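Let's take a walk through this protein together, one stop after another. Have the sequence and the model open side by side as you read.

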Amino acid sequence: MLPAVHAADRVLAAVDAAADEIVDFTSRLIRVPTVNPPGEAYEDCARLIGGVLKRSGFEVEYFAAEGRPEHTRAHPRINVVGLRRGRSVRPCVHLNGHFDVVPAGAGWSIDPFGGVVRDGRVYGRGACDMKAGIAAAVYAAEAIRRAGIGLAGSVEISGTVDEESGGFAGMAWLAQQGRVSAARTDAVIIPEPLNVDRICIGHRGVYWFEVTTTGRIGHGSMPFLGVSAIEHMGVLLERIRHDLLPVLASRTTEVPVVPEAARHATLNINGIMGGQPVDGIQTPCVADLCRAVFDRRFLLEEGFDATKAEIVALLERAAAATPRLKYELRDLMVVHPVRTPHGSAVVASLERRIQEVLGRPATQIASPGTYDHKHVDRIAGVANCVAYGPGILDLAHQPDEYCGIDDLVNATKVLALSILDLAGAA
Ligand SMILES: [Zn+2]
């Protein structure tokens, strides 16, 4: 058995020696245009990751998300999982990256799917979110192998689909199948781009709901004979603006959500539709229907039940005070907040290794939006989970997205040393 310090040095040297390969693998991943929606080229990308894992000593399995409506012949949802056993299977450290990317959008000065390497950066859609993270995970495990170090436990790496659209055929599906579960998985690291010195310990909750107001159609020249659903939606929106938003802004979570403004509860109006289509031929009619969809981000301290009860109470107050105001509330989606428990081994390891590799202390943050952590925590039941990976959060989904090669190499080092901590050297 090698002394621990010596083992770490050899792993770090192996990552440095593999730097060009890590960059090249990131470029190759970017060149597979796994655009979601609709979910292009998923199988190609799964096979690319699987092939590299196989050469790195992993047993590789592919999982089609059978039973999910979005898993179709035209756009199959294929996930890949590789397991490399050490002396024993436990403890098992699982690194998970989603390989779907959002559409390129406008404003690029470079081919979004070219995987171009220039000025110390890898460019392309998904460069930071999160193909660099996948490359870092794969080469973290590979560097351990090249350093000639065996593991006591095992390391598992998955590439999954659809994170950008909720992850239901990806990480949620693997968790539902028990492939990622507390019964076999001890720690999960998701190398999302959250800045190379930050550990992400969770996210706020999400409550999407739809409110419909119904009125009574009438002639537009005599609006007093009808009931306008649009006017009544206006009443509700005014209540929200006047009564609710200031209260939400006054609530602050103890969880270190970034940016600072996202440490409060928030509400966004996703969309609104009422009356006749504005582009169509107009007729003189009072609008008898108006619908709006809302995105309420709630804090761990608020919880879902109180969040919903507050909305219901507001709507009820408005209805009681406004003659003939009729509304309906429909839940569209609920994601509960998650937070990695205090004292989790995965946080302690990453904190130590970030300090060691970067020479500066790690910061703990939480994400303003959600990611696959929720499925790992809620469905798989693995609380020992964080996001940590290369790339700058603000560049995700932007034109000219890139990941710095320095970040990529440093994150690979941190991940490799954390795998050693969590799986144990043999
Ligand atoms: Zn992502």
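**A walk through the model**

Start in the loop between β15 (385-387) and β16, which is where Asp-400 sits. One thing to keep in mind from here on is that this is a predicted model. Asp-400 isn't a glycine, yet its phi is positive, at about 55 degrees. That's out of the ordinary, because most residues other than glycine have a negative phi. With 22% relative accessibility, Asp-400 counts as partly exposed.

Arg-324 does something of the kind: its phi is positive at about 70 degrees, and it is not a glycine either. You'll find Arg-324 in the loop between α7 (304-321) and β12 (326-335). Its relative accessibility is 53%, so Arg-324 counts as exposed, the cut-off being over 50%. For a glycine with a positive phi, look at Gly-148, which follows α4 and has a phi near 75 degrees.

Now back to β16, the strand after the Asp-400 loop. Together with β4 and β5 it makes an open, antiparallel sheet of three strands, in the order β4-β5-β16. The edges are β4 (117-118) and β16 (402-404); each has a single partner strand, so one side of each has no neighbour in the sheet. What holds such strands side by side? Strands of a sheet pair through backbone hydrogen bonds. Here, β4 and β5 (residues 121-123) are antiparallel partners over two bridges, and Arg-118 has Arg-121 in β5 as its bridge partner.

Two helices go with this sheet. Helix α2 (residues 19-30) lies across β4 and β5, at about 15 degrees to β5. Helix α10 (residues 405-423) packs on the sheet too, touching β4, β5 and β16, and its direction makes about 65 degrees with that of β16.

Next stop, β3. How many of its residues are buried? Seven of the seven are, so to speak, under cover. Both faces are covered: Cys-92, His-94, Asn-96 and His-98 are buried on one side, and Val-93, Leu-95 and Gly-97 on the other. β3 also has strand partners. It pairs with β6 (residues 154-160) in the parallel sense over seven bridges, with Gly-97 opposite Gly-159 in β6. Three bridges join β3 to β7, again running parallel, and there Val-93 stands opposite Ala-187.

Just before β3 comes a cis peptide bond, between Arg-90 and Pro-91, with omega about -10 degrees. Pro-91 belongs to the loop between β2 (78-84) and β3. Most peptide bonds are trans, which makes this one worth a look on screen. A second cis peptide bond joins Asp-129 and Met-130, also with omega about -10 degrees. Met-130 lies in helix α4, and that helix (residues 127-146) is mostly covered, with 18 of its 20 residues buried.

Asp-129 brings us to the metal. Which protein atoms hold the zinc ion? The donors are His-98 through NE2, Asp-129 through OD, and Glu-192 through two OE entries, at 1.8 to 2.7 Å from the zinc. The angles among the four donor atoms run from 52 to 146 degrees, which makes the arrangement irregular; a tetrahedral site would need all angles between 85 and 135 degrees. Along the sequence, the spacing of the donor residues reads H-x30-D-x62-E. His-98 is in β3 (residues 92-98), while Glu-192 is in the loop between β7 (187-190) and β8 (198-203), so this pair ties together parts that are 94 residues apart in sequence. Both ends of that tie are buried: His-98 has a relative accessible area of 1%, and Glu-192 has 7%.

Last, the cysteines. A disulfide is a covalent bond between the sulfur atoms of two cysteines. How many disulfides are there here? The count comes to zero. Take Cys-45: the closest cysteine sulfur, in Cys-128, is 15 Å from its own, too far for a bond. Cys-45 is buried, at 0% relative accessible area. Cys-92 is in no disulfide either, as its nearest cysteine sulfur, that of Cys-385, is 13 Å away. Cys-92 is buried as well, with a relative accessible area of 1%.

Notes. Residues are numbered from 1 along each chain as its sequence is written. This is a predicted model: local features need pLDDT of at least 70, side-chain atom pairs count only at pLDDT 80 or more; totals for chains, interfaces and linings use all residues. Side-chain values use heavy atoms; hydrogens and water are left out. Donors are N, O and S atoms within 2.8 Å of the metal (3.2 Å for Na, K and Ca); water is not among the atoms, so sites may look incomplete. Four donors count as tetrahedral if all angles lie between 85 and 135 degrees; four count as square planar and six as octahedral if opposite donors are over 155 degrees apart and all others between 65 and 115; anything else is irregular. Helices (H or I, at least four residues) and strands (E, at least two) are DSSP runs, numbered from the N terminus. Buried means under 20% relative accessible area, exposed over 50%, partly exposed in between (1.4 Å probe, protein chains only). Two strands pair if DSSP finds at least two bridges between them. Contact means heavy atoms within 4.5 Å. Axes are lines fitted to C-alpha atoms, for helices over the stretch in contact, and angles run from 0 to 180 degrees between N-to-C directions. A disulfide is a pair of cysteine sulfur atoms within 2.5 Å.
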